[in-house]
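User: I'm new to reading protein models, and I'd like to learn how to look at one. Could you take me through it feature by feature?

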Amino acid sequence: MPSKPAGTLYRGREGMWSWVAHRITGVGIFFFLLVHVLDTALVRVSPHAYNEVIGTYKNPVVGLLEVGLVAAILFHAFNGIRLILIDFWAKGPRYQRQLMIGVGVIWVVLFVPFVIRHLTHVFGG
Amino acid sequence: MDVKVKILRYNPEVVDEAEWKTYSVTLQPTDRVLDALHKIKWEQDGTLTFRRSCAHGVCGSDAMRINGRNRLACKTLIKDLNPDKEITVEPIKGLTVLKDLVVDMDPFFEAYRAVMPFLVTSGHEPTRERIQSQADRDRFDDTTKCILCAACTTSCPVFWSDGQYFGPQAIVGAHRFIFDSRDEGTEQRLEILNDKEGVWRCRTTFNCTDACPRGIEVTKAIQEVKRALIFRRV
Ligand code: SF4
Ligand code: FES
């Protein structure tokens with residue numbers, strides 16, 4: 001066996017890259033939820049501590065992270081619907097590319113207005 | 001025109017690591033990658049090792065990774081590959097490389113055998129042929145076209161990381177009989193593919209559909225088997 005496979009990266013198309021992106025956003029969202037469950041659970045420990053922790057989120061860095069979070073969730077949600085259609089709708093596999101374009105369009109339509117509104121909140125005070 | 005062909009060479013008797021070698025070949029735009037490999041082997045370096053038999057896209061011997069995608073060397077024209085740049089040729093991924101572009105196909109054929117790719121019947125044999133309507137025949141027409149080249153299975157990211165996965169080809173092979181109205185082994189085949197290494201491993205990356213040199217809608221065939229399992233109806 002070659003000790004290091006010196007091969008190139010497989011040049012898959014949108015199907016493969018959407019799968020990679022689905023994994024990455026999935027893991028990312030999982031870690032967000034983990035933190036989110038923990039900080040929300042704090043309210044049962046002490047409402048005061050909860051308020052303090054939530055207060056630390058009000059800064060531009062977290063504001064930008066939130067942009068990433070929304071981007072990931074939007075993609076994961078709509079690509080998830082695409083995957084369901086591929087598996088359950090008889091014509092899904094044939095139209096997977098068109099479905100992918102649909103995911104992209106919906107993503108942009110929802111994401112761009114969000115970013116504008118959100119960032120004016122974060123940086124506009 | 002002069003074309004540069006970069007091939008991933010590996011000879012376990014000499015080195016323990018694969019390495020890239022670049023060859024210059026004079027070719028016609030309408031030549032195929034297989035012609036380039038022939039020219040290299042016959043005129044420049046006789047040690048270059050690869051499989052081919054029919055040279056016309058029928059036998060399925062020469063699946064390899066050309067410019068990063070699984071293709072048959074005998075069906076890939078130079079002009080379709082952007083020949084101004086180097087053309088890269090590597091062995092297919094996920095199977096052990098024996099030498100240069102030759103891989104060990106045993107695990108691939110084992111998965112195929114495991115799905116019972118033959119007609120299963122019981123009772124009296126009819127004196128004439130087993131009759132089937134055109135509509136019934138059409139249901140599995142696509143999957144009869146498979147030439148067992150392994151381009152699909154070795155394009156699958158799930159198969160690269162988990163060699164136990166049956167792989168797209170075995171599911172195509174099973175599909176051909178599962179949806180055949182004359183066959184009676186459907187239940188058994190569905191049970192085999194209901195395994196955790198069966199159809200449920202498919203992540204619909206569509207690499208297999210893109211790679212298949214016979215234009216089989218591989219992912220669609222896998223989906224049909226998944227749905228047959230969920231709804232218990234073929
Ligand atoms: S389904 Fe297509 S890619 Fe896969 S082995 Fe058969 S012919 Fe080759
Ligand atoms: S050599 Fe037979 S398929 Fe290419």
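User: What covers the buried residues of α8(B)?

Analyst: Two terms help here: buried means under 20% relative accessible area, with exposed over 50% and partly exposed in between, using a 1.4 Å probe and protein chains only, and contact means heavy atoms within 4.5 Å. In this predicted model, the cover of α8(B) includes α3 (60–88) of chain A, along with α5 (167–178), α6 (186–193) and α7 (207–211) of chain B. Of the 14 residues in α8(B), 11 are buried, among them Val218(B), Ile222(B), Val225(B) and Leu229(B). Some basics on the numbers: residues count from 1 along each chain as its sequence is written, chains are lettered from A and ligands numbered from 1 in the order written, and side-chain values use heavy atoms, leaving out hydrogens and water. As the model is predicted, local features need pLDDT of at least 70 and side-chain atom pairs need 80 or more, while totals for chains, interfaces and linings use all residues.

User: How many residues does helix α8 of chain B have, and what does it reach from its first C-alpha to its last?

Analyst: Helices are DSSP runs of H or I with at least four residues, strands are runs of E with at least two, and both are numbered from the N terminus. The expected span of a helix is 1.5 Å times one less than its number of residues. Helix α8(B), residues 218–231, has 14 residues and reaches 20 Å, close to the 20 Å expected. Right after α8(B) comes Arg232(B), with a positive phi near 50°.

User: Which residues have the most contacts inside the largest nonpolar core?

Analyst: In soluble globular proteins, nonpolar side chains tend to be buried together. A nonpolar core here is a set of buried Ala, Val, Leu, Ile, Met, Phe, Trp, Tyr and Cys residues joined through side-chain atoms within 4.5 Å. The largest one has 69 residues, and Ile7(B), Leu37(B) and Leu193(B) have the most contacts inside it. Ile7(B), for one, touches residues including Trp20(B), Leu37(B) and Leu101(B).

User: And in what sense do β3 and β4 of chain B pair?

Analyst: Two strands pair if DSSP finds at least two bridges between them. Strands β3(B), residues 63–66, and β4(B), residues 69–72, pair in the antiparallel sense over four bridges. Ile66(B) stands opposite Arg69(B). Two residues sit between the strands of this hairpin, and Asn67(B) takes a positive phi near 50°.

Conventions. Lists of a residue's contacts leave out its neighbours within four places in sequence.
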